[in-house]
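This report goes through side-chain contacts, empty space and backbone geometry. Please have the sequence and the model open while reading.

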Amino acid sequence: MYAVQVRTGRESQFAQRAAETEPEGVSRIIFLQRRLNIRRGGKNTLELSPVFPGYLFVETETDGLHDKAFQKLKAQPDFIRFLPSNTQYEQLTAGDLHIVNNFLRFGTIAEPSDAYFDKDDRIVITAGPLKGLEGLIQSVDRRKRRVRLVTEFMGYQTSVDLSYNVIEKQGERERET
């Protein structure tokens, strides 16, 4: 899998146009998105936004990217570069691939994860894209129902905000009565 940088805000259009050209050896072009809790006027709504703004992922059928596919993708409007550079494009590292695959387990759109807070007031993820990434959680915003993950991705320290839904821990109601 390879990473491609495109003009931010044009990821969806680029992915669609590039897929229509059917680049040789490319099985799919992935645009990772998330439903993020946005709080406006005292109300929470879920809005779709990119997980990694300006980046798409190219999955190939074989271990390498064909030169013809590289040229077709590079010729698309809004293309900026392959990572780390157009002269030296490389597959994602094992760590980067782990993060992308963790999101892809749930499809290309990361829905809010289910979570509750334990007796020590720590967030516990029970299901969703955040499951297994608890160690990367840097902060929790309860009002906006978001967590901030901080990880190294593509050679840089990256933070990603994801939403969660608060669920009631089993047996919680019985203890309150």
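The sections below take up aromatic pairs, salt bridges, cavities and pockets, and backbone geometry in turn.

## Aromatic pairs

The model is predicted. A pair of aromatic rings is described by the distance of the centres and the angle of the planes. Searching the whole structure gives eleven aromatic pairs. One of them joins Y2 and Y89 in an edge-to-face arrangement, with the centres 6.1 Å apart and 65° between the planes. Y2 belongs to strand β1 (residues 2-6), while Y89 sits in the loop between β6 (79-82) and α3 (94-104), so this contact ties together parts that are 87 residues apart in sequence. Y2 has a relative accessibility of 5% and counts as buried, whereas Y89 is partly exposed at 21%. The cut-off for buried is under 20% relative accessible area, so 21% falls outside that class. Y2 and Y89 also belong to one aromatic cluster with F14, F70, F79 and F82.

F52 and F103 form an aromatic pair that is also edge-to-face, at 6.3 Å centre to centre and 90° between the planes. This pair links distant parts of the chain, with F52 in the loop between β4 (43-50) and β5 (55-60) and F103 in helix α3, 51 residues apart. F52 is buried, at 6% relative accessible area, and F103 is buried too, at 3%. A contact of another kind involves F117: R142 lies over the face of this ring, at 3.6 Å from its centre.

## Salt bridges

Side chains of opposite charge can pair when their charged atoms come close. The structure contains eleven salt bridges. Among them is the one between E47 and R40, with an N to O distance of 2.4 Å. Here E47 is partly exposed, with a relative accessible area of 30%, and R40 is exposed, with 51%. Exposed means over 50% relative accessible area, so R40 at 51% falls in that class.

A salt bridge also connects D118 and R122, at 3.0 Å from N to O. D118 is buried, with a relative accessible area of 17%. In another salt bridge, R148 and D161 meet at 2.7 Å, N to O. Distant parts of the chain are linked by this pair: R148 is in strand β11 (residues 146-153) and D161 in strand β12 (residues 156-166), 13 residues apart. R148 is partly exposed, at 34% relative accessible area, while D161 is buried, at 14%. Elsewhere, R7, R10, R17 and D78 are joined into one network by salt bridges that share partners.

## Cavity and pocket

Rolling a probe the size of a water molecule over the atoms shows where empty space is left. The count comes to one cavity of 30 Å³ or more. The largest cavity holds about 50 Å³ of space. Its lining consists of F52, I99, F103, L133, L136, L149, T151 and V160, so the buried aromatic residues F52 and F103 appear here again. At least two lining residues come from each of α3 and β11. By class, seven residues of this lining are nonpolar, one is polar and none is charged.

The largest pocket contains about 320 Å³ of space. It is lined by 17 residues, and those nearest its centre are L83, D96, F153, M154 and G155. This lining has ten nonpolar, four polar and three charged residues.

## Backbone geometry

Most residues other than glycine have a negative phi, and most peptide bonds are trans. Which form does the peptide bond from L83 to P84 take, cis or trans? The bond is cis, with omega near 5°. P84 lies in the loop between β6 and α3. L83, on the other side of this bond, is one of the residues nearest the centre of the largest pocket.

Two residues with positive phi complete the section. D121, which is not a glycine, has a phi near 65° and is placed in the loop between β8 (113-117) and β9 (123-127). R145 is likewise not a glycine and has a positive phi of about 55°. R145 lies in the loop between β10 (137-141) and β11 and is partly exposed, with a relative accessible area of 27%.

Methods. Residues numbered from 1 in each chain as written. Predicted model: local features only at pLDDT ≥ 70, side-chain atom pairs only at ≥ 80, totals over all residues. Heavy atoms only, no water. Phe/Tyr/Trp six-rings, centres within 6.5 Å; stacked < 30°, edge-to-face > 60°. Helix = DSSP H or I, 4+ residues; strand = E, 2+ residues; numbered from the N terminus. Buried < 20%, exposed > 50% of the residue type's maximum accessible area, 1.4 Å probe, protein only. Lys NZ or Arg CZ within 6 Å of the ring centre and 35° of its normal. Salt bridge = Lys/Arg side-chain N within 4 Å of Asp/Glu carboxyl O. 1 Å grid on protein atoms, 1.4 Å probe; cavity = no way out; pocket = protein on both sides within 12 Å on 5 of 7 lines; lining within 4 Å. Points joined across faces, edges and corners; volume = space filled by probe spheres on them. Nonpolar A, V, L, I, M, F, W, Y, C, P; charged D, E, K, R; others polar.
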